[in-house]
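Colleague: I would like to know what stands behind the terms used for this fold. Please take me through them one by one.

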Amino acid sequence: MWDQHMHCIFSGDSEALPSDMINSAITKGLDGICFTDHLDYDYKEEPGLFDLDLDGYREKISECKDKFLHSHPDFKIHWGIEIGLQPHITDKNNNVTSKYPFDLVIGSSHVVNGTDPYYPDFYKNRSEDAAYTEYFESILDNLHTNADFDVYGHIDYVVRYGPNKNKFYSYDKYSDVIDEILRLIIDKGRGIELNTAGFKYGLGHPNPTEEILKRYHSLGGEIVTVGADAHKPGHIAYDFDKVPDILKDAGFKYYTVFENRIPHFLKID
C-alpha cells in the first residue's frame with residue numbers, strides 16, 4: 001500500500017521533518033509515499049500561511065530520495081503537491097503545475113468564496129445544510145474551470161468541521177450535487193482519493209464516505225488514490241487496515257499510484 005497524501009515542514013500547518021515521515025512510513029511497512037505539501041494562494045484568514053517554497057521543497061525531497069535509496073532501495077518516494085483550488089487563481093495554480101515535475105497533483109477545496117470551512121465563521125448565521133451545499137457547489141465552480149490536477153482531494157472535507165460534523169450528513173442528502181461533481185471528474189479523466197483522515201477526526205468514515213466511493217465506481221470512476229492526510233509521522237497510513245475492504249466493498253479491484261502524473265493501477269490484496 002502507498003500513502004499519497006501527507007504534509008511536512010514545507011506546509012504551513014506541519015512541523016514534521018521529511019525524513020521522520022519517511023522513517024515512519026518504512027516502519028509501517030508501506031511500499032511508497034508521496035509528499036503533497038500545501039499551496040493555497042489567496043488564503044485570506046492567514047495570508048501567506050500556505051505559500052509554498054517550491055524550490056526548497058523540491059530540493060529537500062530530492063535529497064531524501066538519494067539518502068533513502070541506499071538504505072531502503074525498494075521503498076519509493078514521490079513528490080507531489082496539494083493545491084487549493086479557487087476559480088480566480090486557476091491560471092496562477094496552473095503555472096505552478098506546468099513548471100514543476102510533480103508525480104501527483106491533488107486539487108482540493110479549502111477556501112469557499114473567501115473562507116475556509118475550517119473556521120467557525122463559515123457556518124455563522126446560516127444552517128449547516130446551506131454551508132455544506134455551498135461547499136459542494138464551490139467544487140463544481142472549480143470543475144468548470146481548466147484547473148490542472150490529477151485527483152480531487154477529500155471531496156466532503158467540509159464535514160470535518162461543521163457544527164455537527166457528519167451527524168446529519170449523508171450522501172443521499174446531497175446526492176444531486178455530489179453526482180454532478182463525480183460525473184464531471186470522470187468526464188475530465190481525473191480521479192478522487194480515499195482519505196482516511198475522516199477516521200482520525202472521529203467521523204467513523206473516510207473522506208469521502210463509503211457511499212460516495214460506491215457511487216463514483218458505479219458511474220464509471222476508476223482512478224482512486226489512498227492517503228491519510230498526515231501532518232506528523234504518527235498519522236501516516238492512519239487506519240489503512242480498513243482500506244482494502246472499503247475499496248472492495250465499493251467495487252474496486254485496483255487503487256492508483258501516480259508517477260510523473262501518470263496513473264498506475266495496483267491490485268488490492
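The talk below turns to helix packing, then pockets, then two backbone details.

Modeller: Keep in mind that this is a predicted model.

Colleague: Why are helix 1 and helix 2 called oblique to each other?

Modeller: The axes of helix 1 (residues 18–27) and helix 2 cross at roughly 45° and come within 10 Å. Angles under 35 degrees would count as roughly parallel, and 65 to 115 as roughly perpendicular. The crossing angle falls in neither range, so helix 1 and helix 2 are oblique to each other. As for hand, helix 1 passes helix 2 in a right-handed crossing.

Colleague: Which residues of helix 1 and helix 2 meet?

Modeller: From helix 1 come Pro-18, Ser-19, Ile-22, Asn-23 and Ile-26, and from helix 2 come Lys-60, Ile-61, Cys-64, Lys-67 and Phe-68. Sorted by class, this contact of helix 1 with helix 2 holds six nonpolar, two polar and two charged residues. Cys and Pro count as nonpolar, so Cys-64 and Pro-18 belong to the nonpolar group.

Colleague: What makes helix 5 oblique to helix 7?

Modeller: Helix 5 (residues 175–187) packs on helix 7 (residues 210–218) at an angle of about 45°, and their axes are 10 Å apart. That angle is not under 35 degrees and not within 65 to 115, so helix 5 is oblique to helix 7. The crossing of helix 5 past helix 7 is right-handed. Helix 5 makes the contact with Ile-178, Asp-179, Leu-182, Arg-183 and Ile-186, while helix 7 uses Ile-212, Arg-215 and Tyr-216. Five nonpolar and three charged residues make up the contact of helix 5 with helix 7, with no polar ones.

Colleague: How do you know that helix 7 is oblique to helix 8?

Modeller: By the angle again: the axes of helix 7 and helix 8 (residues 243–250) cross at roughly 45° and come within 8 Å. The cut-off for roughly parallel is under 35 degrees, and roughly perpendicular starts at 65, so helix 7 is oblique to helix 8. The crossing of helix 7 and helix 8 is right-handed. In helix 7, Glu-210, Leu-213, Lys-214 and His-217 meet Ile-246, Asp-249 and Ala-250 of helix 8. The contact of helix 7 with helix 8 divides into three nonpolar, one polar and three charged residues.

Colleague: What is the volume of the largest pocket, and which lining residues are the closest to its centre?

Modeller: The largest pocket holds about 370 Å³ of space. It is lined by 20 residues, and the closest to its centre are Asp-13, Phe-50, Tyr-118, Tyr-161 and His-231. The lining of the largest pocket comprises eight nonpolar, six polar and six charged residues.

Colleague: Which helix and which strand each supply at least two residues of the lining of the second largest pocket?

Modeller: Helix 2 (54–71) and strand 3 (76–84). The second largest pocket has a volume of about 180 Å³. Its lining includes Lys-65, Phe-68 and Leu-69, as well as Lys-76, Ile-77 and His-78. Among the other lining residues are Trp-2, Asp-103 and Glu-259. By class, the lining of the second largest pocket has six nonpolar, one polar and four charged residues.

Colleague: What is omega for the cis peptide bond that joins Asn-207 and Pro-208?

Modeller: Omega is about -5° for that bond. Pro-208 sits in the loop between helix 6 (197–200) and helix 7.

Colleague: What is phi of His-154, and where does His-154 lie?

Modeller: Phi of His-154 is near 20°, a positive value in a residue other than glycine. His-154 is in the loop between strand 5 (151–152) and helix 5.

Conventions. Residues are numbered from 1 along each chain as its sequence is written. This is a predicted model: local features need pLDDT of at least 70, side-chain atom pairs count only at pLDDT 80 or more; totals for chains, interfaces and linings use all residues. Side-chain values use heavy atoms; hydrogens and water are left out. On a 1 Å grid over the protein atoms alone, a cavity is a set of points where a 1.4 Å probe fits but cannot get out, and a pocket is an open set with protein on both sides within 12 Å along at least five of seven lines; lining residues have an atom within 4 Å of a point. Grid points are joined across faces, edges and corners, and a volume is the space filled by probe spheres set on the points. Helices (H or I, at least four residues) and strands (E, at least two) are DSSP runs, numbered from the N terminus. Axes are lines fitted to C-alpha atoms, for helices over the stretch in contact, and angles run from 0 to 180 degrees between N-to-C directions. Angles under 35 degrees count as roughly parallel, over 145 as roughly antiparallel, 65 to 115 as roughly perpendicular and the rest as oblique. A crossing is left-handed if the near helix is turned anticlockwise from the far one by less than a right angle, and right-handed if clockwise. Contact means heavy atoms within 4.5 Å.
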